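Reader: Mind walking me through this one? I'd like to hear about the ligands, the cores and a couple of odd backbone angles.

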Amino acid sequence: MSLYPHLLEPLDLGHVTLRNRVIMGSMHTGLEETGDWGRVAAFLAARAAGGVGLIVTGGMAPNAEGAVFPDAAGLFTPADIAGHRRVTDAVHAAGGRIAMQILHAGRYALGRDCVAPSAIRAPINPFAPTALDEAGIEAQIADIVTAALRAREAGYDGVEVMGSEGYFLNQFLAPRTNRRTDRWGGSFENRARLPVEVVRRIRAAVGREFLLIYRISLVDLVPEGQSWDEVTQLARLIEAAGADILNSGIGWHEARVPTIATSVPRRAFAALTGRLRGVVGLPVVATNRINTPEVAEAILAEGLADLVSMARPFLADPDFVAKAAAGRAAEIAPCIACNQACLDHTFTGRPTSCLVNPQACHETELVIVPAAAPRRIAVVGAGPAGLAAAITAAGRGHRVTLFDADARIGGQLQLAARIPGKEEFRGLIDWYATMLRKTGVDLRLSVRPDAGALAGFDAVVLATGVRPRPCDLPGAGLPHVLSYTQVLRREAAVGRRVVILGAGGIGFDVASFLVTGKSATEDLALWRAEWGVADPEADALRGGLAPAGPQPEPPARQVTLLQRKAERPGRGLGKTTGWIHRAHLAMKQVTMRGGAVYDRILPEGLVLRGTEGPELLAADTIVLCIGQEPQRDLAEALHGRVAELHVIGGAERAAELDAKRAIDQGTRLAARL
Ligand code: FAD
Ligand code: NAP
Ligand code: SF4
């Protein structure tokens with residue numbers, strides 16, 4: 001008997017049967033624009049081979065004005081079809097099914113030619129859109145229908161029409177962006193006309209045998225968004241217009257509420273999909289922050305959805321479904337929802353990958369094959385760099401011994417997991433523990449090997465990480481001055497008034513740790529109050545935002561976060577998550593200051609130098625988050641005493657270090673050993 005009977009049950013849609021209830025949700029990876037369709041095919045075929053029921057591609061533009069950015073991939077011309085055909089053939093050969101998402105960005109399109117229901121610029125786009133006239137609207141519909149026909153010709157099993165996230169169709173639906181007074185605006189019926197016509201005409205063009213998914217915005221999370229009543233009316237109209245499946249969309253891109261970041265509670269929006277299920281006869285899909293088979297199964301078992309869509313988890317592990325089906329769920333590499341190698345890359349023009357799985361979207365370049373001859377390899381340091389190196393090398397057949405001075409694996413990931421909103425890091429550490437066992441790594445904890453103990457190995461990988469940078473300010477040795485490691489390990493008491501020196505990722509995290517009582521990530525009601533998310537049905541609100549706004553818990557301490565650079569603290573944080581960290585600390589009344597000139601630390605606080613003389617920031621505790629330096633003393637001792645030495649992760653270079661680089665470096669080294 002399977003542990004996931006609902007998840008693995010086939011779904012008969014009449015003209016097509018899906019082999020299970022798992023959809024790989026749409027993700028733009030950047031590979032589509034390289035023109036290397038072989039690479040796109042390899043990426044998606046690996047997921048099909050891993051058992052997913054249905055793949056939805058990244059959003060494809062139906063025309064140039066609807067493209068998210070200039071030259072974004074699409075199905076504009078018949079010539080585009082050949083590339084897509086390589087993808088569909090590869091997915092079908094791997095036993096999968098695939099639908100192409102049609103994404104018209106409307107006023108989110110980053111270009112001068114962008115179009116929208118009304119000429120209202122999006123806050124996240126420097127370009128103002130042109131309001132479409134009647135003929136312009138008809139032309140957009142025609143292009144969307146043509147894209148669907150071309151998708152069928154390219155061998156797709158169906159299309160998904162992107163109607164959520166604040167894109168073109170969603171812009172017609174919400175009063176926020178639709179101020180028209182003609183038959184495409186004003187009343188609900190008029191605002192809903194475009195999405196309904198799109199679905200109706202696609203169905204008429206492609207016939208009954210072609211899968212048609214509509215992604216509906218369940219909650220816009222912006223002022224003047226749709227009401228719940230309108231969402232349910234639209235769902236019924238879309239059903240009548242001929243859709244086969246309703247997928248859930250949550251929040252517009254311009255919303256000031258996080259919807260998929262790691263600090264969002266798991267399955268935070270599944271209950272809304274459950275309500276939608278009650279109003280339509282179509283299968284509905286739950287989305288957002290679903291990253292384990294247990295969570296997915298529970299949503300289906302509770303009757304909240306007919307299918308679940310997961311996107312990023314398929315970057316982390318292409319074999320998610322196959323491992324769940326085989327009773328090996330603990331071996332699924334977990335998506336920790338960090339966005340660091342996926343969305344942050346996508347939004348900065350770099351190819352998508354995954355912090356946990358550097359092979360994602362690099363399938364044709366980072367190839368891991370069994371070693372020609374097994375070797376004896378020692379890895380020193382069980383942080384992410386050492387862990388990735390150890391499991392990759394052992395997976396290739398090498399005999400690997402992994403040492404760590406600590407009694408637990410994880411290195412700095414152990415500290416990251418203590419930060420409220422970063423609980424997912426625990427799952428990553430657990431996964432490494434599973435994979436060490438699975439690959440047969442000989443793990444030696446609480447051991448600091450010396451040169452003698454390492455001399456007999458064929459190769460030594462030094463992954464001993466970093467230590468906090470020492471502080472040379474006068475007074476840095478006073479007892480109320482603590483390092484971030486002392487604070488996070490709770491090795492010393494922290495007072496009510498705290499000044500933090502250093503506003504990098506760790507400074508932000510330590511501030512969050514010190515001001516937060518209970519983690520809202522583990523308490524959905526608390527999280528909703530914190531971000532001002534209301535029940536859209538019960539409160540009959542537009543957009544699902546609480547009228548009183550965010551109601552965070554009061555801060556546990558009074559914290560000031562400082563940096564020397566004369567810029568806004570937090571600028572270097574992740575592209576897609578930095579705003580969440582800044583907003584969270586602002587909510588907790590943390591004072592964030594750039595341009596600080598440190599003078600000295602006194603028992604009563606920190607003295608800053610200012611143009612008008614010294615300024616004392618009174619504090620009970622000063623916390624140092626001023627960066628780190630490599631910890632590689634062992635490297636000196638090993639030179640000339642071991643056959644082959646490699647230094648990776650923070651031990652190699654502390655600057656620009658994060659878990660993404662550490663894992664990537666560890667994996668790539670071990671792939672060549
Ligand atoms: P480390 O993680 O430092 O691991 C080194 C290991 O070597 C340790 O286990 C140590 O015990 C062991 N060791 C050291 N010397 C010896 C010795 N002589 N013998 C045996 N063992 C030894 N990164 C992100 O990408 N995203 C985040 O969200 C994020 N959040 C963070 C939050 C916090 C609070 C902190 C502190 C860090 C965070 N990081 C984050 C950074 C990330 O954890 C580090 O960049 C990463 O862990 C570095 O990996 P590493 O393997 O090089 O070193
Ligand atoms: P960091 O981002 O380099 O920040 C170090 C901070 O210390 C900066 O604010 C810096 O700014 C200050 N500083 C540097 N040298 C100093 C000195 N000699 N005296 C006083 N202040 C000094 O490093 P980190 O915060 O230690 O984080 C380490 C790594 O972990 C980072 O690379 C980060 O990417 C990663 N991390 C990532 C996340 C994430 O969410 N992605 C979270 C935590 C950590 P000024 O010089 O302007 O004062
Ligand atoms: Fe998930 Fe982070 Fe990997 Fe993106 S980079 S898929 S969020 S683990």
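What follows is a short run of questions and answers on the model shown above.

Author: First, some ground rules. This is a predicted model, where local features need pLDDT of at least 70, side-chain atom pairs count only at pLDDT 80 or more, and totals for chains, interfaces and linings use all residues. Residues are numbered from 1 along each chain as its sequence is written, chains are lettered from A and ligands numbered from 1 in the order in which they are written, and side-chain values use heavy atoms, with hydrogens and water left out.

Reader: How much of the accessible area of ligand 1 does the protein cover?

Author: Counting residues with a heavy atom within 4 Å as near, there are 37 around ligand 1, and Gln340, Asp404, Lys422, Gly650 and Ala659 come nearest. Backbone polar contacts (pairs of N or O atoms within 3.5 Å) reach oxygen atoms of ligand 1 from glutamine 412 at 2.8 Å and from alanine 659 at 2.8 Å. On its own, ligand 1 has 990 Å² of accessible area (Shrake-Rupley method, 1.4 Å probe), and the protein covers 91%.

Reader: And which helix gives the most to the shell around ligand 2?

Author: Ligand 2 is surrounded by 19 residues, with Arg469, Arg564, Lys565, Gln628 and Leu657 the closest. A backbone N or O atom of glycine 505 sits 3.2 Å from a ligand 2 oxygen, and one of isoleucine 506 sits 2.9 Å from a ligand 2 oxygen. Helices here are DSSP runs of H or I with at least four residues, strands are E runs of at least two, and both are numbered from the N terminus. With three residues, the top contributor to this shell is H18 (residues 505-515).

Reader: How many nonpolar residues are in the shell around ligand 3?

Author: Its neighbours include Cys335, Cys338, Cys342 and Cys354, along with Arg312 and Asn339. Ala, Val, Leu, Ile, Met, Phe, Trp, Tyr, Cys and Pro count as nonpolar, Asp, Glu, Lys and Arg as charged, and the others, Gly among them, as polar. By that split, the shell around ligand 3 has one charged residue, one polar and 10 nonpolar.

Reader: Which helix gives the most to the largest nonpolar core?

Author: A nonpolar core is a set of buried Ala, Val, Leu, Ile, Met, Phe, Trp, Tyr and Cys residues joined through side-chain atoms within 4.5 Å. The largest has 159 residues, of which Ile202, Tyr214 and Leu246 touch the most other members. Its leading helix, with eight residues from the run 384-395, is H13.

Reader: Where does cysteine 361 lie, and is it buried or exposed?

Author: Phi of cysteine 361 is near 65°, a positive value in a residue other than glycine. Most residues other than glycine have a negative phi. Cysteine 361 lies in the loop between helix H12 (343-346) and strand S13 (376-380). Buried means under 20% relative accessible area, exposed over 50% and partly exposed in between (1.4 Å probe, protein chains only), so cysteine 361, at 0%, is buried.

Reader: What about serine 446: buried or exposed?

Author: Serine 446 has a positive phi too, near 55°. Its place is in the loop between strand S15 (442-444) and helix H16 (451-454). Because its relative accessibility is 51%, serine 446 counts as exposed.

Key. A polar contact is a pair of N or O atoms within 3.5 Å; within protein, one must be able to donate a hydrogen and the other to accept it, and residues adjacent in sequence count only if both atoms are side-chain atoms.
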